[in-house]
Amino acid sequence: MFLRWFNRRKPAQAEQTPELQAEDSQDEIIQLSGRTKERWVKPVIGATILQLADQNKVDWYSNCRRGTCARCRSKVIEGMEYLSAPNEAETARLEPEEIEQGYRLGCQVKVEKIGPLKVKHAPYF
């Protein structure tokens, strides 16, 4: 009798996986890949990548939040055109080749336009 109670299956609810959500609103989503967690989040104009990662509990480590430690170094895989241009802190800390390859500092780079973005945490260590 008890086995029947425990073996009952609840009716399946319509749940969307993050991948389905990303497909549904591809132009209004940011994919953040931390060291161990990956999340699809809504963009916020003026927010930094690090702020979005913190708000959505993505493991994006940082120390200073001023652009000097580079622990929040990130690789923009897609959507660089939706982000702010490299600022003085980034050009002082990152090599020109790194910036050309799509590396940015998560604490400095801001979302300027809505569009599909893929950003991965890519620290030196």
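Here are legends for four close-up views of this predicted model.

**View 1. Five strands line up in one open sheet.** Reading across, the order is β2-β1-β5-β3-β4, and the pairing is mixed. The edges belong to β2 (38-41) and β4 (103-105), each of which has a partner on one side only. Ignoring direction, neighbouring strands in this sheet are turned against each other by 30° on average.

**View 2. Strands β3 and β5 run antiparallel.** Here we zoom in on β3 (residues 73-78) and β5 (residues 117-121), which are joined by four bridges. Which residue of β5 does Val76 stand opposite? That would be Val119. As general background, strands of a sheet pair through backbone hydrogen bonds, in either a parallel or an antiparallel way.

**View 3. Two positive side chains sit over tyrosine rings.** Arg73 lies over the face of Tyr124, at 4.2 Å from the ring centre. Lys75 does likewise with Tyr103, at 5.0 Å from the ring centre. Don't go hunting for aromatic pairs, though: the structure holds zero of them.

**View 4. Glu90 and its surroundings in helix α4.** This helix covers residues 88-93, and Glu90 is part of it. Is Glu90 buried or exposed? With a relative accessible area of 1%, it falls under the 20% cut-off, so Glu90 counts as buried. Setting aside neighbours within four places in sequence, Glu90 is in contact with Ala85, Ile99, Arg104, Leu105, Gln108 and Val109.

How values were computed
Residues are numbered from 1 along each chain as its sequence is written. This is a predicted model: local features need pLDDT of at least 70, side-chain atom pairs count only at pLDDT 80 or more; totals for chains, interfaces and linings use all residues. Side-chain values use heavy atoms; hydrogens and water are left out. Rings of Phe, Tyr and Trp (its six-membered ring) pair if their centres lie within 6.5 Å; planes under 30 degrees apart count as stacked, over 60 as edge-to-face and the rest as tilted. A charge sits over a ring if NZ of Lys or CZ of Arg is within 6 Å of the ring centre and within 35 degrees of the ring normal. Helices (H or I, at least four residues) and strands (E, at least two) are DSSP runs, numbered from the N terminus. Buried means under 20% relative accessible area, exposed over 50%, partly exposed in between (1.4 Å probe, protein chains only). Contact means heavy atoms within 4.5 Å. Two strands pair if DSSP finds at least two bridges between them. Axes are lines fitted to C-alpha atoms, for helices over the stretch in contact, and angles run from 0 to 180 degrees between N-to-C directions.
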